[in-house]
Amino acid sequence: AKQQDGAAAMEMQPLKSAEGGEGDDKDKKKSNMHKKEKSVLQGKLTKLAVQIGKAGLVMSAITVIILVLYFAIDTFVVNKKQWLPECTPVYVQYFVKFFIIGVTVLVVAVPEGLPLAVTISLAYSVKVRNMKNNYGRKM
């Protein structure tokens, strides 16, 4: 019975390549070597995008907290209303609206178009500079 279990276990193992399974590692190393390294500008843009994303997340959280606190203080302290069970759906709707506003702030803050804008502005400035340098030359 032990021999049959061993044979079944051998059948379940994946087959290795002719190089003994090392071919996959070599392919991975080659693909890693072919990846383009980021330029200095791309690195700075990525860092800026991450910073703006974090700032947007913080601002959206602050926005939601301020809206909830304002609603709670205005409703329950200033107007001295009580939390009644029949008013719970209305209050939940307010909190959902506040959450949606926070998500909107976060989405607006994430700079999806930042790399495109920088690329277009760089291309334009290079074109303008080249036009100024070649303006007086005759062909």
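I began just past helix α3, where K80 takes a positive phi of about 55°. I keep in mind that this is a predicted model.

**Helix α3**

I went back along α3 and checked its length. The helix covers residues 40–78, 39 residues in total. At 1.5 Å a residue I expected a span of 57 Å. The end C-alpha atoms are 55 Å apart, so the two values agree.

I then listed the buried residues of α3. They are L45, G53, G56, S60, F71 and T75.

**UniProt record**

I looked up the annotation. The unreviewed UniProt entry places "transmembrane region" at residues 57–78 and 98–124. I took residues 57–78 and looked at the model there. The span is 100% helix and 0% strand. Its end C-alpha atoms lie 30 Å apart.

**Helix α4**

I moved on to Y94, which sits in helix α4. Is Y94 buried or exposed? Neither: its relative accessible area is 36%, so I noted Y94 as partly exposed. I also checked Y94 against V68. The two are 26 residues apart along the chain, and their C-alpha atoms are separated by 8.5 Å.

Next I picked V103, placed in α4 (residues 88–109). Its relative accessibility is 36%, so V103 counts as partly exposed. Buried would need under 20%, exposed over 50%.

Which residues join V103 in a nonpolar surface patch? I found V92, V96, F99, I100 and V107. Together with V103 they have about 530 Å² of accessible area.

Technical notes:
Residues are numbered from 1 along each chain as its sequence is written. This is a predicted model: local features need pLDDT of at least 70, side-chain atom pairs count only at pLDDT 80 or more; totals for chains, interfaces and linings use all residues. Side-chain values use heavy atoms; hydrogens and water are left out. Patches are made of residues with over 30% relative accessible area and no salt bridge: like charges are joined within 9 Å, nonpolar side chains (Val, Leu, Ile, Met, Phe, Trp, Tyr) within 5 Å. Accessible areas come from the Shrake-Rupley method with a 1.4 Å probe; for residues, only the protein chains shown count as cover. A salt bridge is a side-chain nitrogen of Lys or Arg within 4 Å of a carboxyl oxygen of Asp or Glu. Helices (H or I, at least four residues) and strands (E, at least two) are DSSP runs, numbered from the N terminus. Buried means under 20% relative accessible area, exposed over 50%, partly exposed in between (1.4 Å probe, protein chains only). UniProt positions are given in the numbering used here, feature names are shortened, and annotations may be inferred rather than shown by experiment. The expected span of a helix is 1.5 Å times one less than its number of residues.
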